[in-house]
Every structure is written in C-alpha cells, then in structure tokens.
Amino acid sequence: MAWHVAVGRRAIKLAVIAVVTIAFGISMFSVIIKMTGWRGIHVSMLKGLYTPDSKEFDSLEYLHLRCASESLDRDFRQLEVATALSAAAEVYKPSFVMTTGDIIYADGISSADDPQVIEKFFNPYASPSLQIPWHLTPGNHDCRGSIRAMINLHNTSTQWHMPSRNYVYEHHFSEGKAIRIIYVDTCLLVCGKPHTHGTVPNFRCDGPMKQNFDDDSFSEAIKWLNKELAQPAWWKFVVGHWSIFSVLGNGPTPQLFQELLPRLIENNVHAYFNGHDHGLQHIIYPRKATSKLNVIVSGGGGFELHPQLKAEASGDLNANIHVKFARAVHGFVRGSLTENVLRLSFMDISGNIIYEGEIWHPTHKKSGFSKIPTISQRRSVLP
C-alpha cells in the first residue's frame, strides 16, 4: 500500500536532507530542502524554497550522501561524513532525511531492540541538526535481517521513519503539478522473484534474506509498483537501494534492468536515486533519446570507495548510457527543484562542489547540464 503524509494548505518552511549511509555497502540517501508557500502537500523527499529573484514560486534544496557504520573504530569516513552532514543541516535546516537502504550493516537487525540500532544509527547521527525524521527504505544488508523489525521501529522514534516496505509521498506545486516520490524495496524485485530454469539469481539473495519473502512477494510488489508509477505527476522520482546502472563497484543489477527500468521509462520517471555503489555518479539513459532517465548514485558516505567495476559486475548493461559524472569520492549531492528544473551539486566531504548539473522538465524549452566547475568556482557550505 502507499503511505501518504498530508501537510495541508498553508505556507510552511521546510528543509529535507537526503543521505546515503554506507558501511561495507550500507547506503542511505537523503535530501535537504527548504520550503515556503506550498499549496497543499502530500510530502515526500522534496520540499520547496521561495526565492524572491526566482521566476518559479517553489523550489527545493537537498543533499545525498553515504556514510560507513559497520564499526565506528575503523579507519573509514562515516563520522567525518556525519559531521559534514550535520554542518550542512545547520545551514539548510532540513525537515527530514531520506535513505536508500543498508541502514544496519552487515546483517540488518533481529528485533526493534537490537543494540546495533543505537550503535550504527542513532549515535553517529546524534547531532541536534539531524534530529529530524529519516525516511528509510531497505538495502540488501538490511534484508539479511528482519524487515518487520525495521517497520516496528517506525513508531518508537521521530528520527526513524519507515511506515512500510514501500511507500509514496506527494507534493503539489500548484493544481495539476504534483511531485511524486516512490520508495521501493528493491530487495523484493531483485531477490523476491521465483527463479525459473536457466535464470541466475543474484549471489546476494542467499539464505538469511528468504525470511523476508514468500511466494507472493514479487507479484504483489510489481502490482503495487505498476499502480503507483501510473499515477499522474508533474515530476516523478523513484528511490531504491540497488543500482540499475553504475560504472563503479557492483555495477548494474540485471534484475532491475529487466523489471524496474522498463517501468520507469514507460511511466516517464524523471530520475532514479540509489546507493549500493561507493562513489558519486550522474548517468543518463538512453544515450540518444528525447525522453531520458537520470540515474543519481550517491554512495560516497564513508566506507571504502569503489574506483572501478568489480570483476563480477554486469558491465555490459552500461552499453547505452551517457556518464555525466562518476568519481570514487566521499561526499554527497545537493539539489534544488522548481517546477521547471532540478539542479544538482555534487559535494565532497568538505562541502566543496565537484560537479553541477541540471535536469530540466521535458516540457521546458531549456535542456542541458552545467559543466564541472573550476577550482575557483567551488564553494563550501561548511564553516
């Protein structure tokens, strides 16, 4: 079922941080948004910000990043990324954090009382600026534990927000111009499908994951996804964990290439956001077409980086993509959304901009992406 949050028709100020957390593959995506003057909303990952010098009434600002949380005494960068995230949250005043899975590495949690929740989630993100709702969706490491336990935590903390395995948030710029963000448990799509003769299952879909699936899991997930993707919206975004395309680390996921990608294209989804691979990427699919899917991979939040594809990756599935940016770097992504354009700034762990791009709405006459800024153009949001 789709979970919706209604905010009402009143002027409000909001901010959202999207983060990707990673510990040995832990990934969590979040977005920072400031917002004023929204007309009625079912809110998801995006909120708007009114700027007097802008022609658009509403806009949105957000960040994505990844952190490592497998062990806090390891020589990785989770705590540094958490510090950078906290500093950014101080500046942008986010209203919630959006994640893309692998919240608890390496085998998820066994119950809502599992001490790992405090060690690997609440303690690293204990900064006052981060005491806001974090919207979670499962990753492959979470699916090795109890997804039901993750959902049960939903009502125990204002910071832990996961009402269901799949859920939807919607915002309206104005009448007929809605933003829909669809959170998908991609474990269901990758590991939940019954395997037929001759098919090769993903090697991550091993024994511990089976507790979270039954014979109807895949068909129910597809039915839900088809229904939600078909709903009309001015902007459509999908958030998951596993990669459809990636030129770093684990690379493309064949099951999502087969089951998710065609549905995103058919339903005119503008961007897919995910974690899973350790670096920052902006990919366009297909290479040559008037209607394109943007893939934003934010996986540089702390753990060991993926400077290249792994040997087992299905790199041939990248054949028809255009890579706007890909770098194995710790950091996050900041964005700003209006009715006409989503602007992206990829930022390193110090808050410096290392890439900027724009995703224009297909109805707008302008289309294109900005170039990577020079060193002199880079600026930091951190003190």
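**Exercise 1. Salt bridges**

Which residue forms a salt bridge with R144, and how far apart are the closest N and O atoms? Work out where the two partners lie and how exposed they are.

*Solution.*

Step 1. Note what is being read: this is a predicted model, in which local features need pLDDT of at least 70, side-chain atom pairs count only at pLDDT 80 or more, and totals for chains, interfaces and linings use all residues. Residues are numbered from 1 along each chain as its sequence is written, and side-chain values use heavy atoms, with hydrogens and water left out.

Step 2. Apply the criterion: a salt bridge is a side-chain nitrogen of Lys or Arg within 4 Å of a carboxyl oxygen of Asp or Glu. R144 meets it with D206, the closest N and O atoms being 2.6 Å apart.

Step 3. Locate the partners, using helices (H or I, at least four residues) and strands (E, at least two) as DSSP runs numbered from the N terminus. R144 lies in the loop between strand 4 (134–135) and helix 3 (147–152), and D206 in the loop between helix 4 and helix 5, so the pair ties together parts that are 62 residues apart in sequence.

Step 4. Classify exposure: buried means under 20% relative accessible area, exposed over 50%, and partly exposed in between (1.4 Å probe, protein chains only). R144 has 23% and is partly exposed; D206, at 28%, is partly exposed.

Step 5. Take a second pair. K193 forms a salt bridge with E259, with 2.7 Å between the closest N and O atoms. This pair links distant parts of the chain, since K193 is in the loop between helix 4 and helix 5 and E259 is in helix 6 (residues 254–259), 66 residues apart. K193 is partly exposed at 34%, whereas E259 is buried at 12%.

Step 6. Follow E259 further. E259 also forms a salt bridge with R263, the closest N and O atoms being 3.3 Å apart. Both E259 and R263 are buried.

Step 7. Look for shared partners. D107, R144 and D206 are joined into one network by salt bridges that share partners. The structure holds ten salt bridges.

**Exercise 2. Three strands in a row**

How do strand 13 and strand 14 pair, and over how many bridges? Continue to strand 15.

*Solution.*

Step 1. Two strands pair if DSSP finds at least two bridges between them. Strand 13 and strand 14 (residues 341–348) pair in the antiparallel sense over seven bridges.

Step 2. Find facing residues. S336 stands opposite R343 in strand 14, and F332 stands opposite M347.

Step 3. Examine the connection. The two strands form a hairpin with two residues between them.

Step 4. Check burial. Eight of the eight residues of strand 13 (residues 331–338) are buried, so this strand is largely enclosed by the rest of the structure. G331, V333, G335 and L337 point one way, while F332, R334, S336 and T338 point the other way. In strand 14, seven of the eight residues are buried, so strand 14 is also largely enclosed by the rest of the structure.

Step 5. Move on. Strand 14 pairs with strand 15 (residues 353–360), in the antiparallel sense and over seven bridges. V341 stands opposite W360 in strand 15. Strand 14 and strand 15 form a hairpin with four residues between them, and G351 in the turn has a positive phi of about 90 degrees.

**Exercise 3. Backbone angles**

Which residue does a cis peptide bond join to P286? Then examine two positive phi values.

*Solution.*

Step 1. Recall the background: most residues other than glycine have a negative phi, and most peptide bonds are trans.

Step 2. List cis bonds. One joins Y285 and P286, with omega about -10 degrees; P286 is in the loop between strand 10 (280–285) and strand 11 (293–298). Another runs from Y105 to A106, with omega near 10 degrees. A106 is in the loop between strand 3 (96–98) and helix 2 (116–122).

Step 3. Take N268. Its phi is near 55 degrees, a positive value in a residue other than glycine. N268 lies in the loop between helix 7 (261–266) and strand 9 (271–274) and is partly exposed at 49%.

Step 4. Take H276. Its phi is positive, about 75 degrees, although it is not a glycine. H276 is in the loop between strand 9 and strand 10 and is buried at 4%.
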